[in-house]
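Let's take a walk through this structure together. Have the sequence and the 3D view handy, and follow along one stop at a time.

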Amino acid sequence: MKVSLSLEETCTNDVSIVVDALRASTTITIALDKFKEIIPCFTPEEAKELAKKYECILAGERKGSKLEGFDIGNSPTAIKSYESEKDTLILTTSNGTRIMESMTSTILIGSFINSQSVAKAAIELANNHIDVVMAGVNSEFAIEDYLAAGEILYWIEEELNKKHDKNKEENSPKELHYWKNTEGLTEYAKSAILASQDINLCKKAIKESRSGKRLKYLGYEEDVNYCMKRNISKNVAIYKDKILTKY
């Protein structure tokens, strides 16, 4: 199993995990507690047009701020407390939803809050390659996505090692070969794992990042803190036919 780390564009047609730690990935993961489906839109105009056709909640932001005329912003804490009888959420964000548009792989949504669950799902779905894709900010590297990706990669490695040990005990040469003798983790992926393991340093780096500072300035410090929580949700969103649903 090859496991890699990319920025913005995936390098596989197998399984890609999209990571936009502040905040789209976290918002989507939490929204699955409230809604049956999430429709990601790539422009506010597209989101508004869909909202006219369907009975749904309209959520979105640009540059961190809630879009005018939308029901709610891209805020996991706001979504968590939002009450609605509607089943569908339409979401448009600056980075996370945008990068899915051109992908042809099976897409999962990953974050700090569901890192172990999304790792398990990716292993179940992948044939031979999992690519963790950082959304970044305006096509540039974002440290929060790198660190969240590292946490997901840590759990992918843990789950693959468990699978390897189990197959070894069961004397299954074919499956043993599958993990032991293939490419494994790229060095870029390994470095992200190492960077993600000091929780206090991670929190400090994320709070001091461009996105962290901007969200605090806009009054979303609670969101930043929430997005850094680890493994508090078992929800995993999968993208199919332009809709996100629970895997």
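A residue is called buried when its relative accessible area is under 20%, exposed when that value is over 50%, and partly exposed in between. Keep in mind that what you're looking at is a predicted model.

Let's try that out on W155. Its relative accessible area is 17%, so W155 is buried. Next to it in the chain, Y154 comes out at 24%, and that makes it partly exposed. These two rings also form an aromatic pair: their centres are 5.1 Å apart, the planes make an angle of 80°, and the arrangement is edge-to-face. The total for the model is 3 aromatic pairs. Elsewhere, F141, Y146 and Y188 come together as one aromatic cluster. One more ring to look at is Y220, where R23 lies over the face, 4.4 Å from the ring centre.

Now on to the strands, starting with β2, which covers residues 15-19. How many of its residues are buried? The count is 5 of 5, so this strand is mostly covered by the under-20% rule. You can see it from both sides: V15, I17 and V19 are buried on one face, and S16 and V18 are buried on the other.

Which strands does β2 pair with? One of them is β7, residues 106-110, which runs parallel to β2 and is joined to it over 5 bridges. Along that pairing, find V19 and you'll see G110 of β7 standing opposite. Another is β8, residues 129-134, again in the parallel sense and over 5 bridges. Here V15 faces I130 of β8, while S16 has D131 of β8 opposite.

Follow β8 itself for a moment. This strand is mostly covered too, with 6 of its 6 residues buried. H129, D131 and V133 point one way, I130, V132 and M134 point the other way, and every one of them is buried. Besides β2, β8 has β1 (residues 2-7) as a parallel partner, and those two share 6 bridges. In β8, V133 is the residue that stands opposite S6.

Let's go back to S16, because it leads to a loop residue, S105. You'll find S105 in the loop between β6 (88-92) and β7. Is S105 buried or exposed? At 9% relative accessibility, S105 is buried. Its side chain makes a polar contact with the side chain of S16, at 2.7 Å. If you set aside the neighbours within four places in sequence, S105 touches T10, T12, N13, D14, V15 and S16. Two names there should ring a bell: V15 and S16 are both buried residues of β2.

Our last stop is a helix, α7, made of residues 187-196. Its buried residues are A189, A192, I193 and S196. Why do they line one face of the helix? Looking down the axis of α7, these buried residues fall within an arc of 100°, so they sit along one face. Turn to the other side of α7 and you'll meet E187 and L194, which are exposed.

Definitions and conventions:
Residues numbered from 1 in each chain as written. Predicted model: local features only at pLDDT ≥ 70, side-chain atom pairs only at ≥ 80, totals over all residues. Heavy atoms only, no water. Phe/Tyr/Trp six-rings, centres within 6.5 Å; stacked < 30°, edge-to-face > 60°. Buried < 20%, exposed > 50% of the residue type's maximum accessible area, 1.4 Å probe, protein only. Lys NZ or Arg CZ within 6 Å of the ring centre and 35° of its normal. Helix = DSSP H or I, 4+ residues; strand = E, 2+ residues; numbered from the N terminus. Pairing = 2+ DSSP bridges. Arc of directions from axis to C-beta. Polar contact = N/O pair within 3.5 Å; in protein donor to acceptor, adjacent residues only side chain to side chain. Contact = heavy atoms within 4.5 Å.
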